[in-house]
Amino acid sequence: MRIALTGASGFVGTSVRPLLEQAGHVVTPLDRQNGYALGDRPDLRDHDALIHCAFAHQPGRFRGGEGNDPQAFITANQTGTRILFDQARLCGVRRILFLSSRAVHDGYPPGMFLTDDLPPRPDNLYGRVKADGETCLASSGGLRGTAIRATGLYGPGPRNKWRDLISDYLRGRPITPRAGTELHVADLAAAMLLLLAHPAPPATVNASDLVLDRHDLLAEVARLSGCRHDLPRRADAASMRLAGCAALAHLGWRPGGMSLLKQSLPQLMDATPHL
């Protein structure tokens, strides 16, 4: 396939693009380095698919990523996504993958199990913008689209999400207990490849892997580094909303779990300032 990829120079895009290319796809990067910004109408003629990963937000923040300018946040992301999907339809693109978020379900009760087909119920601006993108995709006539409701993403590179956390631990700073649901970007790419290959992919899928406590993450950091600083206590995970991934599992998706995390951690630590 010839695939247009928005956000190609971002954290997700830089990890997904080479895996798409290794699978034999031709990728057109759409990012600021190539003259694209959310709200533009790129030339998508002769493209088989669009993967929309671009998102404008405050660095390092998604919930609360609007900062002090929520209207600019909405204009860039909500309006920009609507324009992009409309352009894809006009150019004859027939397959779209939209990187949505678990945040579309933040309004459901604590501890609830989240199924693939659960309707969005956001309770913050980030979730509302992602939910609007899902609605826009579902209402774009003639497009075969899937919204991927991903949980927290981790992976290689200087912008990896645990850079500051690992640095703080190695420096002996206090760590706030926390647990979260995590997914390696390589497993996200694998999910995308399965959805691109499927003749009739589902409209929404959850993409999640580990339930990871900072205690366990930093215990592995301690083992690899020899650091003897105190680990944070375990967090209370009873109220976490866990996302079921039955739709992707049915397609043959098998994320890497703790073994992939342990395999990846040395590279993540190499990008961390230790002192």
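**Exercise 1.** Is Arg17 buried, partly exposed or exposed, and at what relative accessibility?

*Solution.* This is a predicted model, in which local features need pLDDT of at least 70 and side-chain atom pairs count only at pLDDT 80 or more, while totals for chains, interfaces and linings use all residues. Residues are numbered from 1 along each chain as its sequence is written, and side-chain values use heavy atoms, with hydrogens and water left out.

Step 1. Buried means under 20% relative accessible area, exposed over 50%, and partly exposed in between (1.4 Å probe, protein chains only).
Step 2. Arg17 has 29% relative accessibility and therefore counts as partly exposed.

**Exercise 2.** Identify the salt-bridge partner of Arg17 and their separation in helix 1.

*Solution.* Step 1. A salt bridge requires a side-chain nitrogen of Lys or Arg within 4 Å of a carboxyl oxygen of Asp or Glu. Arg17 meets Glu21 in such a bridge, at 3.1 Å from N to O.
Step 2. Helices are DSSP runs (H or I, at least four residues), as are strands (E, at least two), numbered from the N terminus. Because Glu21 and Arg17 lie four residues apart in helix 1 (residues 11-22), about one helical turn separates them.
Step 3. Glu21 is partly exposed, at 36%.

**Exercise 3.** Describe the salt bridge between Arg82 and Asp132.

*Solution.* Step 1. The closest N and O atoms of Arg82 and Asp132 are 2.7 Å apart.
Step 2. Arg82 belongs to helix 2 (residues 70-90) and Asp132 to helix 3 (residues 125-138), so that the pair links distant parts of the chain, 50 residues apart.
Step 3. Asp132 is buried, at 14% relative accessibility, whereas Arg82 is partly exposed, at 38%.
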